[in-house]
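Work through the following exercises with the sequence and the model at hand. Each task is followed by a solution in steps.

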Amino acid sequence: MTDVTEQNYPPGKHPSLPPPRNMTGWHVWIWKNFFGSITNTVLTFLSIFLIWQIVPGALDFLVFDSVVNAGSRAECREIADGACWAVIVERFEQSIFAFYPEEERWRVILAFILLFPTVGILLFDGFPARAKLMKFTIAYPFIAGWLIVGGWGLEPVSTDKFGGVMLTLIIGVTGITLSLPIGILLALGRISKLPAMRIVCVAFIEFIRGVPLITLLFVASTMLNYFLPPGVQFDLLLRVLIMVTLFASAYMAEVIRGGLQAIPKGQYEAADAMGLKYWQSMRLIILPQALKISIPGIVNTFIGLYKDTTLVIIIGLLDVLGIMKTALADPKWNGLPEEVYIYTAIFFFVSCFAMSRYSLYLEKKLHTGHKR
């Protein structure tokens, strides 16, 4: 076979040659990233030193000297001096279901299992029979609400028994799901040419963004009842869901408004030239581009909202962090904050990391950003 270097090609038609062997491979990647400069070399050796100092002790505490089976903190210390994971083992079910009746917990598990195909249908184009199952996605909130709250053949469970991971997911998923469409409407209203609509949207966004979420939760838990007619009961969890959704929607509106302002004016003029009406141009041309640009900000808002669910402990609702902190008040397990907070941190890290990775997947799929 004739080498490509020995053939004659027209100008500009010569095929690209492979890089030299000494310029590719794992050893080249290691050299460039860890020892490519004096700064990188110093940071590499400093990192190795820190890892050598931290990792062995952490592994001893978290794994090798840890205790899984014990009845109290005192028993853990009699067995070993490492982490007392026995508190997590004993409180694991409570961290998931809180005070939900044990005989009815199958309903929560079923609702959680059904959440996965629902999310898959919404987020992944290659999901099997996606178009046919879209109706199930629309019906899922009602199905999950029926399963968890009860009624219509199921034993009713009051929301004051909700807590733990279940409560965190309810608040987080509800806020994330509802804040995006509301945020889109608020963003469109803020840039609207109708003065009344623009003033209302601007006032709402600036007010909500100017007030801490803790304040809004206090309003939801205490002051809101003063504005209701006598004898009217407004479920606390429902009030929290409304406030969390409104809070996230205001921030979402600003993220999406930034995406809308990044769209070139020519896109709006092109939509007008095609004779598209306002909502047609927004749905078909403007919003898809704006949302694609805003993906990092949107996911960042989602992650922030999900972590802010821990604030409900201030008004007496016990999310996963609140439930686990109750273990520290138990005389048997008092004095184990490291284990409790590590467990909670791992839960939030896994959830937020999954959202972050999906964001990267979506950006790559939609080719968001400029290629270098």
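Helices (H or I, at least four residues) and strands (E, at least two) are DSSP runs, numbered from the N terminus. The model is predicted, so local features need pLDDT of at least 70 and side-chain atom pairs count only at pLDDT 80 or more, while totals for chains, interfaces and linings use all residues. Residues are numbered from 1 along each chain as its sequence is written, and side-chain values use heavy atoms, with hydrogens and water left out.

**Exercise 1.** Locate leucine 43 and classify its exposure.

Step 1. Leucine 43 lies in helix H2 (residues 38-64).
Step 2. Buried means under 20% relative accessible area, exposed over 50%, and partly exposed in between (1.4 Å probe, protein chains only).
Step 3. With a relative accessible area of 46%, leucine 43 is partly exposed.

**Exercise 2.** Compare alanine 98 and tryptophan 152 by phi and exposure.

Step 1. Alanine 98 sits in the loop between H4 and helix H5 (105-123), and its phi is near 60°, a positive value in a residue other than glycine.
Step 2. Its relative accessible area is 5%, so alanine 98 is buried.
Step 3. Tryptophan 152 belongs to the loop between helix H6 (130-149) and H7; it also is not a glycine, and has a positive phi of about 55°.
Step 4. Tryptophan 152 is exposed because its relative accessibility is 82%.

**Exercise 3.** Which residues of H14 are buried, and what do they pack against?

Step 1. In helix H14 (residues 320-328), seven of the nine residues are buried.
Step 2. They are Val320, Leu321, Gly322, Ile323, Met324, Ala327 and Leu328.
Step 3. These buried residues pack against H4, H7 and helix H15 (337-366), where contact means heavy atoms within 4.5 Å.
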